[in-house]
Amino acid sequence: MPSDTTAILLDLPRFPGDSDADGVLRAALYGGTQGWPGGSLFRSDDGGETGGNNWQELAQTADESTVGLTFEALADAETCVIDRASTLEVGLYSGELSSVTELAMLNGANAALVGNEIIQFQTATPSSKTN
């Protein structure tokens, strides 16, 4: 059954493993309803306007991204140092957050884009706030 899909295009730097020749588009897709069946990203080199509406599917997924809204700004902190004091409350539109070991975090787990900053977190605790 068709369902609304929201796509958020992410302006991120190249990841390790991306080659210089790659044009990489990163996106977060999620649905507005329980049981979201997945979504696709399409592009049109002609703006979808030149009679043929030439659309090409770039990617599809059935995996819903974890997307939310922060209730406050990130606290100032040192970069490249684990901040064990700050917290950030998040209300989720989709998905869920989970805690990981410190080793898993240091190996890339629990990365999140908050505003224009990529952060990682080790501990996720359910909040009573809603978005």
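Buried means under 20% relative accessible area, exposed means over 50%, and partly exposed is whatever falls in between (1.4 Å probe, protein chains only). Keep that handy for the exercises below.

A word on the model: it is predicted, local features need pLDDT of at least 70, side-chain atom pairs count only at pLDDT 80 or more, and totals for chains, interfaces and linings use all residues. Residues are numbered from 1 along each chain as its sequence is written, and side-chain values use heavy atoms, with hydrogens and water left out.

**Exercise 1. Work out which parts of the protein the salt bridge ties together.**

Step 1: Get the criterion straight. A salt bridge is a side-chain nitrogen of Lys or Arg within 4 Å of a carboxyl oxygen of Asp or Glu.

Step 2: Search the whole structure, and you get 1 salt bridge. Its partners are Glu 102 and Arg 84, at 3.1 Å, N to O.

Step 3: Place both ends. Glu 102 lies in helix 1 (residues 102–106) and Arg 84 in the loop between strand 5 (67–70) and strand 6, so the pair links parts 18 residues apart in sequence. Helices (H or I, at least four residues) and strands (E, at least two) are DSSP runs, numbered from the N terminus.

Step 4: Check exposure. Glu 102 is partly exposed at 30% relative accessible area, while Arg 84 counts as exposed at 59%.

**Exercise 2. Describe the geometry and setting of the aromatic pair.**

Step 1: Know what to look at. A pair of aromatic rings is described by the distance of the centres and the angle of the planes. Rings of Phe, Tyr and Trp (its six-membered ring) pair if their centres lie within 6.5 Å; planes under 30 degrees apart are stacked, over 60 edge-to-face, and the rest tilted.

Step 2: The whole structure has 1 aromatic pair. Tyr 30 and Tyr 93 are stacked, with 6.2 Å centre to centre and 5 degrees between the planes.

Step 3: Tyr 30 lies in strand 2 and Tyr 93 in strand 6 (residues 90–94), so this pair ties together parts 63 residues apart in sequence.

Step 4: Compare the covers. Tyr 30 counts as buried at 13% relative accessibility, whereas Tyr 93 is partly exposed at 43%.

**Exercise 3. Put the elements in order along the sequence.**

Step 1: Count them: the protein has 1 helix and 8 strands.

Step 2: Read along the sequence, and the pattern is β-β-β-β-β-β-α-β-β.

Step 3: Finish with burial: of the 131 residues, 15% are buried.
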